[in-house]
Amino acid sequence: MKPLAFGLALALAASQAHATDYYGTDKPFASNAIYFVMTDRFVNGDPSNDHRDQGGAHRTFDIPVPGPNGETDNIGYLGGDFKGVLDNAGYIRGMGFGAVWITPIVDNPDEAFTGGDPVTWGAKFADRGKTGFHGYWGVNFYKLDEHLPSKNLDFAQFTQGMHKQGLKVVLDIVANHGSPAFSMPVAQPQFGQIFDKDGKLIADHQNLRPEQLDPVRNPLHRFYHAYEDLAQLSNNNDENPEVLDYFAGAYEQWASQGADAFRIDTISHMSPNFWLQFAERIRAHHPGFFMFGEAFDYSADNIAQYTWKRNGDISLLDFPLRQRMTDTFEKPKSDFVRIGERLYLRNGPYQNPYEMVTFYDNHDMARMNATDDGFIDAHNFLFTARGIPAVYYGSEVGFERGRAEHEGNRNYFGQERIAAAPKSRIYQQLKRIANLRAKLPALQRGLMLPVRFEGDLAVFYRVYQKDGVNQQALVVLNKGGQAKDVGVSEHLQEGTWKSALGGKSATVAAGGSLQAHVGPHDVAVYVLDAPATRTDLVEELGRLMAEREHPSFR
Ligand SMILES: [Ca+2]
Ligand SMILES: [Ca+2]
Ligand SMILES: [Ca+2]
């Protein structure tokens with residue numbers, strides 16, 4: 001090398017020198033928090049697509065299931081649609097969310113189901129009399145269900161409209177099953193059938209029990225396994241390449257129309273090999289496309305395999321953490337230490353814990369049964385700790401708290417409740433903390449360094465140092481009913497820490513401490529926009545960074 005060139009190379013190296021990278025994940029989608037709507041139950045923005053006369057003898061609109069004391073559940077369609085979601089994009093964005101997860105959009109049967117067990121108040125695993133208002137009973141996965149679009153608002157126009165308002169769209173997808181497929185007194189149209197893009201029938205359960213199917217001789221049975229899986233739902237054959245082709249084609253279509261991410265229903269009811277191939281097919285057209293699955297199991301060891309790179313690098317809903325979240329926030333005497341045990345920040349079972357989608361309840365379980373303070377504490381944790389927060393519609397006002405399916409969990413929310421939401425303390429505090437997360441890269445994707453998880457107190461750092469951003473956030477959570485003065489000195493770097501939620505900045509000298517005053521059921525967040533330099537902090541961050549992913553896959 002000539003001396004001149006050598007000198008240039010040195011100068012270049014010096015100008016490019018930057019602080020070491022520290023981050024939990026670099027996946028862009030992880031910056032967003034997710035608001036989950038069951039579309040039919042959110043807002044009826046267009047009565048002209050309600051199809052109130054649909055179904056004949058097995059009508060589909062507004063089928064109440066009465067409960068005690070005038071309470072009611074409903075198993076019919078209630079009119080919610082794309083327009084109802086888009087009309088409220090500003091409400092959702094304003095609360096601090098960056099994405100909306102909507103229930104499946106594909107065509108579902110046009111009658112109420114007549115098989116299975118009758119739905120009564122509080123029933124579980126019962127489907128008789130129920131309709132596909134929830135979207136999980138697909139019959140043609142290439143076609144929109146007629147209840148969702150409006151004039152000039154098909155799915156592509158819906159995603160465009162959402163993007164314009166700063167919201168990404170997470171599409172809920174199903175490949176494991178179609179609709180209820182057997183146990184009907186008389187076979188009903190569409191139930192147990194699958195149609196292709198051109199509307200041609202390609203699979204038909206023919207109201208037969210799974211073990212009566214004859215895939216060898218009957219081509220219409222080949223789409224299905226000849227054994228039961230979930231209730232009376234058809235059980236799609238994940239070993240049949242035509243099944244993979246069908247679903248990869250369908251969901252590629254919706255991704256091309258602007259879906260930004262997928263939430264995958266019942267992921268653990270199909271093989272990891274199916275999902276590996278599925279993910280490769282989608283990402284061939286949409287590099288880095290984010291997906292997270294539902295494996296309904298509270299053991300991290302049972303579900304973690306679905307996140308591994310060799311199984312498609314698909315993230316998951318964080319069921320193990322969810323269990324500890326409700327344990328903690330439903331019971332005032334709980335201890336934060338129980339939550340800390342489920343974070344798996346180092347050498348854990350997941351591909352990457354920072355990509356897990358964190359939540360405390362949804363449509364398939366009882367809503368959290370907490371006080372307003374419990375919801376506020378839960379949100380303060382959810383939006384500051386590691387992971388991608390997902391909040392089920394209505395939780396911003398404690399809607400139907402404690403209610404399971406068929407006890408009101410999925411009840412209609414509506415425009416009036418949305419208009420009244422700003423009066424709720426839960427809403428006000430959620431808006432505050434969610435907007436803070438939306439502003440701070442450290443809270444979105446930063447490494448998480450726990451300091452203390454004990455009793456009503458959780459103290460931790462989030463650190464994001466990448467692409468010119470150097471941010472440390474110190475989070476102090478107090479879920480108790482009394483204000484607390486909390487001194488923090490562990491790993492605390494010198495500098496001026498700004499109080500992100502109001503109040504005075506704290507100037508910390510080398511080796512000094514910071515005194516945080518945290519009100520009852522409140523959170524304090526201090527931010528230092530500087531690269532990590534303190535020796536013991538740098539050591540801890542280096543370990544967290546090196547050990548954040550599953551040991552087998554580093
Ligand atoms: Ca409607
Ligand atoms: Ca339909
Ligand atoms: Ca299955």
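This passage describes the two sheets of a predicted model, together with some of the helices and one loop residue that accompany them. In this predicted model, local features need pLDDT of at least 70 and side-chain atom pairs count only at pLDDT 80 or more, whereas totals for chains, interfaces and linings use all residues. Residues are numbered from 1 along each chain as its sequence is written, and chains are lettered from A and ligands numbered from 1 in the order in which they are written.

A convenient place to start is the annotated domain. The UniProt record, an unreviewed entry, places the feature "domain: Glycosyl hydrolase family 13 catalytic" at residues 36–437; UniProt positions are given in the numbering used here, feature names are shortened, and annotations may be inferred rather than shown by experiment. Across residues 36–437 the chain is 26% helix and 12% strand, and 17 Å separates the end C-alpha atoms. Helices (H or I, at least four residues) and strands (E, at least two) are DSSP runs, numbered from the N terminus.

An open sheet of 8 strands, with parallel pairing, follows the order β12-β11-β10-β7-β4-β1-β14-β13; two strands pair if DSSP finds at least two bridges between them. Because β12 (315–316) and β13 (357–358) each have a single partner strand, they stand at the edges, and one side of each is left without a neighbour in the sheet. Strand β10 (residues 261–264) is joined by 4 bridges to strand β11 (residues 290–293), in parallel, with A261 opposite F290. Strand β7 (residues 168–173) also pairs with β10 in the parallel sense over 4 bridges, and here D172 has R263 as its bridge partner. Further along, 2 bridges join β11 to β12, again in parallel, and G293 is partnered by L316.

In a regular strand the side chains alternate between the two faces of the sheet. In β10, A261 and R263 point one way while F262 and I264 point the other way, and all are buried (20 or more other C-beta atoms within 10 Å of the residue's own, against 12 or fewer for exposed and partly exposed in between, with C-beta atoms placed from the backbone).

Helix α6 (residues 272–285) joins β10 and β11 in a right-handed β-α-β unit; with the strands pointing away from the viewer, the path from the first strand over the helix to the second runs clockwise. The axes of α6 and helix α5 (residues 241–256) come within 10 Å and cross at roughly 35 degrees. Axes are lines fitted to C-alpha atoms, for helices over the stretch in contact, and angles run from 0 to 180 degrees between N-to-C directions. Residues making this contact include L244, F247 and Y251 of α5 and F274, F278 and I282 of α6 (C-beta atoms, placed from the backbone, within 7 Å).

P104 lies in the loop between β4 (99–102) and β5 (106–107). This proline counts as buried because it has 23 C-beta neighbours inside 10 Å. Leaving aside residues up to four places away in sequence, P104 touches G135, Y136, G138, D172, I173 and V174.

The other open sheet has 6 strands in the order β15-β16-β17-β22-β19-β20, with antiparallel pairing. Its edges are β15 (447–454) and β20 (506–508), each with a single partner strand, so one side of each lacks a neighbour in the sheet. Neighbouring strands of this sheet are turned by 20 degrees against each other on average, direction ignored. Helix α14 (residues 535–546) lies across β15 and β16 (457–466), running at about 110 degrees to β15.

Notes:
Two residues are in contact if their C-beta atoms, placed from the backbone, lie within 7 Å.
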